[in-house]
2 protein chains.
Amino acid sequence: MSTVNSRLHTILRIYYRAFSMSDTLNGQDGRHAADHAYRLIRDEILSGKRTGGDWLREGELADSIGVSRTPVREALRRLTAEGLLTYERNKGVQVKGWDVADLDEIFSLRTVLEPWGCSLAAERGTVDTDQLDDLAHRMDALVVDGHPADLDRLTELNNRFHRAILDGSGNTRLATVLASVVQVPIVWRTFAHYNPESLRRSLAHHHELVTALRAHDGEWAQSVMCSHIKSAWHSIREQSGA
Amino acid sequence: MSTVNSRLHTILRIYYRAFSMSDTLNGQDGRHAADHAYRLIRDEILSGKRTGGDWLREGELADSIGVSRTPVREALRRLTAEGLLTYERNKGVQVKGWDVADLDEIFSLRTVLEPWGCSLAAERGTVDTDQLDDLAHRMDALVVDGHPADLDRLTELNNRFHRAILDGSGNTRLATVLASVVQVPIVWRTFAHYNPESLRRSLAHHHELVTALRAHDGEWAQSVMCSHIKSAWHSIREQSGA
DNA sequence: CCGCTAGATGTTGCATACAACGAGGGGTTT
DNA sequence: AAACCCCTCGTTGTATGCAACATCTAGCGG
C-alpha cells in the first residue's frame, strides 16, 4: 500500500510538473525546487490555509508541490528557523499557534525597536522620504470611508513603509530582527481589526512620520512611531476580544 | 577519480564512525547526525578554526564529520539562517566575516534591548537572583589580579548570567532575538579585550544588577545594564584599535 | 474488563546516485 | 595577441531507497 501510494504520487508529481512548466519561466526563480517549496508553504501558512497546530507531512507537501521530499525538508527547516513552524525530532513539523500573549510580546518588542530605529533614521536622514510619501498616499487611496478596500495590498504597502524606515536606520540587523518577529502577526491581518477611526489615525501617523523624518527630528519621529505602534496594538487587542 | 575519492571517503567515514561510537553515548544527542554536524561546524566557526571568507564544502565536511552530505546540508542551512554563514546558490556557503561596523550594530542593539529586558525582569521579579548571585561570584573567582583565568568558562558564565535575566523579562522572543544577534561577538572573545580595570568594573556591574533586581527597581537595573553594555562595547572597540 | 506487548503502518532521518550548474583551461578563430 | 567557445571537472541541487523511530491496534494474559 505504501509502495503503491508512493508510485501513484510520483506519477502525479510528473504530471504536475509537465503542466506547470509554463509558469516556471515567469516566476523569478520558481524553477528552484527548494525556494519554490518554501514560498508555497509559507504562503499557505500566512494565508491561513494551514492553521495553528496542523501537522505538515513532508510527503504530502512534496506531492502537492511537485518536487521530492528533499527540497521540501529544506523549506520546512527554513520556516522552522524563522519561527513559523515548530519541529519535533522524528515527528515532523506543525504550524505554530499563537495567542494574545504572543501578540503582546511582539508588539512590546516593536514598541521598543521601531521607534528607536525611526529616530536613528531621522537623524541620519538617509531615508527616501519621497518614496515614503508615495507609499503613504497610496495607502490613503486604498481606504474608502474608513474601510480598507484591498487588505492584502494595504498590508503590503504598510510593510514596505515600515521596512523602508528601518533600512534607513543604518542598522541592518535591526531590520532583520524585526522582520523575523513581525511576520507572525501578518497572519492576524492587522488592518482587518481597525475601526474607521484607528485606520484614519494610522494613515495620519504615516504622513506625520514623513514630515518628522524630513525635519531630521529624531525625537519627533520616535514618538510618532511609538504612538503608531501602540495604536495598532490597541486596535488589535480590542478587536480580538482581549 | 571522483568515484575513487567517493569510495575512499566512504571507507574513511565508516572507520571514523567505528572509532567514535564510544563518545556518542555521553553526548546528550550527539548520535543524531544533523545535530552533531551542526554543533561541530558551529564550534569550528566560533573557535576561529574556520575564519571569515572560508568556503565550506559539503563533501569535505561530511567526510571529516563522518556523515553523509544530507545532514551536513541541513546544518549549513541552519547556520546560514542564524547568520554565521552566507549562502550562494550553486556555489555553497562561506563563513561570514565581520568588522567593527558589525560590532557597532550588535552593541547598539544590545544597548537598547538588554536594559529594557532587564527593567522588565526587575519589575516582574521573576528572576532567580540567588542563581544570578552565584554566577556573579563564580565569575569573580575566575578572575585573578584583574586577568581572566579561563576565558571560555568566564564567557559561558557571563552568557548564562545575561540569559537568565532575559528569561526573567517574560518576553521569550526578546531572548531569542538577542541570542541570534549576540553570537557573532562570541568569536571576538569579549573578555580577551578587557583591561584589568574594565574587567573589575564588569564584575561589579553584575553584583549591582543582582541588587537592583532584588530591589525590583526597574530603572536602576536598566541603567546598570546600560552602563554594563556600553562599558563592554568601549573595551572591545578600544582594544580592536578602532 | 484492563493492561500490556508485538506487529503493522506511516512518518521522518540518512545515505547515495544522478542531474544541473559554474569555474577554469585549452583550443580555435579573428 | 586577444576574444571566444567548448569541454572537463568539481561542487551543489534533487530524487530515491532504505533504516530508524513513533503511533496505533490486535491479540494475549492477568
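These legends describe close-up views of a predicted model with two protein chains, A and B, and two DNA strands, C and D. Residues are numbered from 1 along each chain as its sequence is written, and chains are lettered from A, with ligands numbered from 1, in the order in which they are written. Local features need pLDDT of at least 70, side-chain atom pairs count only at pLDDT 80 or more, and totals for chains, interfaces and linings use all residues, while side-chain values use heavy atoms and leave out hydrogens and water.

**View 1. Chain A and chain B as two copies.** A rotation of 180° with 0.0 Å of shift along its axis places chain A on chain B with an RMSD of 0.1 Å (least-squares superposition on the C-alpha atoms of residues with pLDDT of at least 70 in both copies). The two copies are thus related as by a two-fold rotation axis.

**View 2. The interface of chain A and chain B.** In this interface, 22 residues of chain A are in contact with 22 residues of chain B (contact means heavy atoms within 4.5 Å). The copies meet through the same surface, because 100% of the interface residues of chain A are also interface residues in chain B. About 2100 Å² is buried between the chains, and carbon and sulfur atoms give 57% of this area (buried area is the accessible area, with a 1.4 Å probe, that two parts lose on being put together, summed over both). A:Arg89, A:Glu105 and A:Arg173 supply 30% of the area that chain A buries against chain B, more than any other three residues.

**View 3. Charged and polar pairs between the chains.** Ten salt bridges are counted between chain A and chain B (a side-chain nitrogen of Lys or Arg within 4 Å of a carboxyl oxygen of Asp or Glu). One of the pairs joined by a salt bridge is A:Arg89 with B:Asp35, at 3.7 Å from N to O. On the side of chain A that touches chain B, α4, α5 (100-124) and α8 (172-187) each supply at least two residues (helices are DSSP runs of H or I, at least four residues, numbered from the N terminus). The largest share, eight residues, comes from α5(A). By class, this side of chain A has nine nonpolar, five polar and eight charged residues (Ala, Val, Leu, Ile, Met, Phe, Trp, Tyr, Cys and Pro count as nonpolar, Asp, Glu, Lys and Arg as charged, and the others, Gly among them, as polar).

**View 4. The protein around DNA strand D.** Of the 22 residues around DNA strand D, A:Ala33, A:Ser68, A:Thr70, B:Arg73 and B:Tyr87 come nearest (a residue is near a strand if one of its heavy atoms lies within 4 Å of it). Sugar and phosphate make up 69% of the atoms of DNA strand D that come within 4 Å of the protein. A polar side-chain atom of B:Tyr87 is 2.6 Å from a phosphate oxygen of the strand. The side chain of B:Arg69 has an N or O atom 3.0 Å from a base nitrogen. Of the surface near DNA strand D, α4(B) gives the largest share, three residues.

**View 5. The protein around DNA strand C.** Of the 23 residues around DNA strand C, A:Arg73, A:Tyr87, B:Ala33, B:Ser68 and B:Thr70 come nearest. Here sugar and phosphate account for 71% of the strand atoms within 4 Å of the protein. A backbone N or O atom of B:Ala33 lies 2.9 Å from a phosphate oxygen of DNA strand C. The surface near this strand has six nonpolar, six polar and eleven charged residues.

Methods: A polar contact is a pair of N or O atoms within 3.5 Å; within protein, one must be able to donate a hydrogen and the other to accept it, and residues adjacent in sequence count only if both atoms are side-chain atoms.
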